[in-house]
Amino acid sequence: MSTQKYRCPACKQKTGVQILYGMPSQEAFEMAKRNEIALGGCCIDLEDPERKCTSCGHEWRIKRREVKFG
Ligand SMILES: [Zn+2]
């Protein structure tokens, strides 16, 4: 699992982490406690962001997904 930090587009600090969706493992809980990842819940939505800043709380998406209607 990646523990890389990403630069937050809002506060410009390198405190952004990957948001993990789905049922988290015990390891994921521990990582979230250390602000190494963020837990996003078990329901995956196309509009959900992939990254979250642990400093300011900003969430953002890293790529634009193609959403098809109908
Ligand atoms: Zn931030």
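Where is Glu47 found? Select Glu47 and you land in the loop between E2 and E3. Glu47 is exposed, as 7 other C-beta atoms lie within 10 Å. (Cut-offs, with C-beta atoms placed from the backbone: buried is 20 or more other C-beta atoms within 10 Å of a residue's own, exposed is 12 or fewer, and partly exposed is in between.) Now add Trp60: Glu47 and Trp60 are 13 residues apart in sequence, and 9.9 Å separates them in space, C-alpha to C-alpha.

Before moving on, some ground rules. This is a predicted model, where local features need pLDDT of at least 70, side-chain atom pairs count only at pLDDT 80 or more, and totals for chains, interfaces and linings use all residues. Numbering starts from 1 along each chain as its sequence is written.

**Zoom out**

Switch to cartoon for the protein chain: you should find 1 helix and 4 strands, laid out along the sequence as β-α-β-β-β. Helices (H or I, at least four residues) and strands (E, at least two) are DSSP runs, numbered from the N terminus. Of the chain's 70 residues, 16% count as buried. Take the contacts with a separation of 6 or more: 40% of them come from residues 24 or more positions apart. A contact here is two C-beta atoms, placed from the backbone, within 7 Å.

**The sheet**

Next, select the strands. The 4 strands form an open sheet in the order E2-E1-E3-E4, with mixed pairing. E2 and E4 (59-60) stand at the edges with a single partner strand each, so one side of each has no neighbour in the sheet. Pairing takes at least two bridges found by DSSP between two strands.

Go to E1 (residues 16-20), where 4 of the 5 residues are buried. On one flank, E1 runs antiparallel to E3 (residues 51-53), joined by 3 bridges. Click Gln18 and look across to Arg51 in E3, which stands opposite. On the E2 side, pairing with E1 is parallel, over 2 bridges. There Leu20 stands opposite Leu39, and Ile19 stands opposite Ala38. Follow the chain from E1 through H1 to E2 and you trace a right-handed β-α-β crossover; right-handed means that, with the strands pointing away from you, the path from the first strand over the helix to the second runs clockwise.

**The core**

Select Val17, Leu20, Met31, Ile37 and Ala38 as sticks: these 5 residues make up the largest nonpolar core. (A nonpolar core is a set of buried Ala, Val, Leu, Ile, Met, Phe, Trp, Tyr and Cys residues joined through C-beta atoms within 7 Å.) Center on Ile37. Leaving out residues up to four places away in sequence, Ile37 touches Val17, Gln18, Leu20, Ala28, Met31 and Ala32.

**Two positive phi values**

Most residues other than glycine have a negative phi. Two stops on this tour go the other way.

Asn35 has a positive phi near 60°. Find Asn35 in the loop between helix H1 (26-33) and strand E2 (38-39). Asn35 is partly exposed, because 15 other C-beta atoms lie within 10 Å. Beyond its neighbours within four places in sequence, Asn35 is in contact with Val17 and Thr54. Thr3 is 32 residues away from Asn35 in sequence but 9.2 Å away in space, C-alpha to C-alpha.

Last stop: Lys12, in the segment before E1. Its phi is also positive, about 65°. Buried or exposed? Lys12 is exposed, with 11 other C-beta atoms within 10 Å.
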